[in-house]
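Subject: A structure for you to look through

Hello,

I am handing over a structure that I thought you might enjoy exploring. Please open it first, and then read my notes alongside it.

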Amino acid sequence: IFICVLSVSRNAPYGTEPRRHLRSKKITPTQERYNAMNYEQSIDYIHSIPKFRRPLGNANLEKLLTHLDNPQKKLKFIHIAGTNGKGSTAAMTAEILKKSGFKTGLFTSPYLEVFNERIRINGENITDNDLAEYVTRVKTIMEENNALVSEFAFITAVSFLYFYEKQCDIVVLEVGMGGKLDATNVIDSSLVSVICKIGLDHTQYLGNTIEEIAKEKCGIMRDGGTAVSYPNNDVRDIIEKYAKSKNVSLTFADTALPTENGFIYKSKEYPLSLKGTYQPQNAAVVLEITSALNKQGFNVSDKDISYGLSHTSWAARFEFVSDRVVIDGGHNIDGIKALKKSLLSLNSDIVLVIAMMEDKDYKACIREISPIAKAVFATQLDMPRCLSSEKISDIIGSMNIPVFVNNNPKDALQNALDFSDNSIVCVCGSLYLAGEIKKIFIKSKKRLANSRFIC
C-alpha cells in the first residue's frame with residue numbers, strides 16, 4: 001500500500017493552483033499567452049504592489065500606458081475630484097448616462113465587499129475572469145518594460161485598458177486622492193472636470209489648509225476645458241482663479257432644496273433615491289454635469305435624468321441595511337458633520353458603532369458625532385492603520401456618554417442592537433467598517449433566501 005501525501009503551500013507561486021483557488025475560472029487563450037494568474041492570485045498581486053513608488057509622479061504610468069498603446073487617449077472621461085461626495089456624484093452620473101443609452105464605465109475607490117466593485121460597466125462589476133486576465137496582461141507589460149508603478153496607478157492602467165477594449169462610450173473617473181498628482185490625472189482631457197465638496201483630509205499628502213487642498217483638487221482642470229463645481233463657499237475664489245488661469249468654462253452648482261422624496265433645483269422638482277441630507281447638493285452637481293454634456297452635443301433627457309436619480313444606489317452612504325441599522329462611510333470631519341445632520345433629521349434615539357483609522361482626524365470626528373448618541377460601542381478592524389477601540393473609548397469617556405468596548409465588529413453591532421429596541425444603530429467612522437457590517441447583512445439575506453422555512 002502506498003500512501004501519497006500532497007501538500008500545497010498557501011504561498012504557492014503564480015502559475016500553481018492550491019485548493020483554495022479551485023473556483024478559478026476557465027483560462028482564455030489571451031490569459032495563457034501571458035502565463036495567467038487566476039482571480040485570487042491577481043488580487044494578491046495587486047495588494048503586493050507598493051502603495052507609493054519612486055520616482056513620484058506619473059512618468060512610469062505614462063510609460064506603462066504607452067506600452068499598452070495608450071487606451072486612455074481613446075476614451076472620453078468625466079473626471080471627478082473632491083474630498084466628499086465623489087462616489088455618490090459618480091454613481092448618479094453613471095446611472096443617468098447608462099439610462100441615456102451610453103455604455104458607461106465607472107472607476108471608483110475603495111471597495112466595500114469585493115475588489116471588482118472598483119471597475120464597472122453599466123452598473124456591472126468587472127468579472128473575476130476579466131479582472132484576472134487584465135491584471136495578468138498589465139503585470140506582464142509592466143515588468144517586461146520596467147515601468148513599475150504604485151498599486152493605485154496599476155489599477156488605473158487596468159481600468160483604462162478594460163474600458164477601452166470593452167468599447168465604453170464614456171468613463172466616469174473618480175480621483176483616488178488629490179487631483180494634480182493623482183494617477184487618474186494622466187488623462188489628456190475630459191468632457192467635464194468636476195470639483196465636489198472640499199474639506200480637510202489626507203493633509204499629510206495634500207496640504208494642511210483647505211486652500212492648499214483646493215489647489216490640488218483643481219489640478220484636474222484642463223486648458224480650455226469645461227468644469228463644474230460644488231458651491232464650495234470656503235474655496236470658491238481659489239477654484240474661480242484656477243479656472244480663469246486655464247481658460248476653463250466653470251459652472252458652480254446652486255443650492256438644492258430638499259423635499260420629502262427628492263429635491264428642488266432651479267424651480268424644478270427631482271426624485272432622489274440616495275438618502276442623507278447632503279445628497280441633494282451632490283445631485284445638483286450632477287445636474288450641472290448633464291447640462292454641460294448636453295451643451296457638447298450629448299443627448300441626456302430630463303426623463304433619463306429623473307430615472308437615473310431615482311434608481312441610483314451607492315453603498316455605505318447613509319444606507320439603511322435594515323429597518324434599524326444605517327451604515328455610513330464618512331471618515332473626515334466634513335463627512336461626519338453631514339452624517340450627524342442626517343441622523344438628527346430622523347428624530348430618533350441613536351446608538352453608534354464606531355471604528356476609525358489612525359491617520360484621520362479621529363478626535364475631532366469622534367467628539368463631533370458622539371454627543372447625539374444614547375450610547376457608543378467602540379470597535380476596531382484587523383488592520384495596521386486602525387485606531388484601537390480603547391482609544392475611542394478614552395475619548396468618549398471624558399464626554400460623559402455611555403461607551404462600551406468590543407473589538408469584534410459583529411459582536412459590537414449585536415450589542416448595540418440589544419442596548420435599546422427603539423434606537424437606530426448607526427455604523428460609522430470608516431468605509432472598511434461599513435463594508436464589514438454590510439457583508440454581515442448580505443450573508444444573512446442569502447441564508448434566508450436559501451432557507452426552506454422563512455419566519
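Below is what was found in it, starting with the whole chain and then going place by place.

**The whole chain**

Please keep in mind that this is a predicted model. The protein chain has 455 residues, and buried residues make up 54% of them. Its secondary structure comes to 16 helices and 17 strands. If you take the contacts between residues at least 6 apart in sequence, 72% of them join residues at least 24 apart.

**Cysteines**

How many disulfides does the structure hold? The count comes to zero. Cysteine 365 shows the reasoning well. A disulfide needs two cysteine sulfur atoms within 2.5 Å. The closest cysteine sulfur to that of cysteine 365 belongs to cysteine 428 and is 9.4 Å away, which is too far for a bond. Cysteine 365 counts as buried because its relative accessibility is 1%, and cysteine 218 is buried too, at 0%.

**Aromatic rings**

There are twelve aromatic pairs in the structure. In one of them, the ring centres of tyrosine 162 and phenylalanine 163 are 5.9 Å apart and the planes meet at 50°, so this pair is tilted. Both tyrosine 162 and phenylalanine 163 are buried. Ring pairs also link Tyr134, Tyr162 and Phe163 into a cluster.

Another pair is worth finding on your screen. The rings of phenylalanine 377 and phenylalanine 404 have centres 4.9 Å apart and planes at 20°, so they are stacked. This pair links distant parts of the chain, 27 residues apart: phenylalanine 377 sits in strand β15 (residues 375–378) and phenylalanine 404 in strand β16 (residues 403–405). Are these two rings' residues buried or partly exposed? Phenylalanine 377 counts as buried because its relative accessibility is 5%, whereas phenylalanine 404 has a relative accessible area of 36% and is therefore partly exposed.

**The second largest pocket**

Next, look at the second largest pocket, which holds about 400 Å³ of space. Its lining is made of 20 residues, and Ser313, Trp314, Ala315, Glu319 and Lys438 are the ones nearest its centre. Which elements each supply at least two residues of this lining? They are β12 (319–320) and α16 (431–449). By type, the lining residues divide into nine nonpolar, four polar and seven charged.

**Two residues in helices**

Lysine 139 is found in helix α5 (residues 128–144). You might wonder whether to call lysine 139 buried or exposed. With a relative accessibility of 16%, lysine 139 counts as buried, because buried means under 20%. Apart from residues up to four places away in sequence, lysine 139 touches Met37, Tyr45 and Phe154.

Asparagine 294 belongs to helix α10 (residues 279–295). Its relative accessible area is 31%, so asparagine 294 is partly exposed. Once neighbours within four places in sequence are left aside, asparagine 294 is in contact with Asn299 and Val300.

**Three places in loops**

Glutamine 167 is in the loop between α6 (151–165) and β5 (170–174). It has a relative accessible area of 63%, so glutamine 167 is exposed. Its phi is near 60°, a positive value in a residue other than glycine. Glutamine 167 also has a partner from elsewhere in the sequence: leucine 75 is 92 residues away along the chain, but 8.6 Å away in space from C-alpha to C-alpha.

Asparagine 400 also has a positive phi, about 60°, although it is not a glycine. You will find asparagine 400 in the loop between α14 (389–397) and β16. Because its relative accessible area is 74%, asparagine 400 is exposed.

Where does a cis peptide bond occur? One joins serine 109 and proline 110, with omega at about -10°. Proline 110 lies in the loop between β2 (104–107) and β3 (119–121).

**Where to start**

If you would like a first stop, try the stacked rings of phenylalanine 377 and phenylalanine 404. After that, go to the cis peptide bond between serine 109 and proline 110. Then turn to the second largest pocket and look for Trp314 and Lys438, which are among the residues nearest its centre.

Enjoy looking around, and write back whenever you like.

Best wishes

Technical notes:
Residues are numbered from 1 along each chain as its sequence is written. This is a predicted model: local features need pLDDT of at least 70, side-chain atom pairs count only at pLDDT 80 or more; totals for chains, interfaces and linings use all residues. Side-chain values use heavy atoms; hydrogens and water are left out. Buried means under 20% relative accessible area, exposed over 50%, partly exposed in between (1.4 Å probe, protein chains only). Helices (H or I, at least four residues) and strands (E, at least two) are DSSP runs, numbered from the N terminus. Contact means heavy atoms within 4.5 Å. On a 1 Å grid over the protein atoms alone, a cavity is a set of points where a 1.4 Å probe fits but cannot get out, and a pocket is an open set with protein on both sides within 12 Å along at least five of seven lines; lining residues have an atom within 4 Å of a point. Grid points are joined across faces, edges and corners, and a volume is the space filled by probe spheres set on the points. Ala, Val, Leu, Ile, Met, Phe, Trp, Tyr, Cys and Pro count as nonpolar, Asp, Glu, Lys and Arg as charged, and the others, Gly among them, as polar. Rings of Phe, Tyr and Trp (its six-membered ring) pair if their centres lie within 6.5 Å; planes under 30 degrees apart count as stacked, over 60 as edge-to-face and the rest as tilted.
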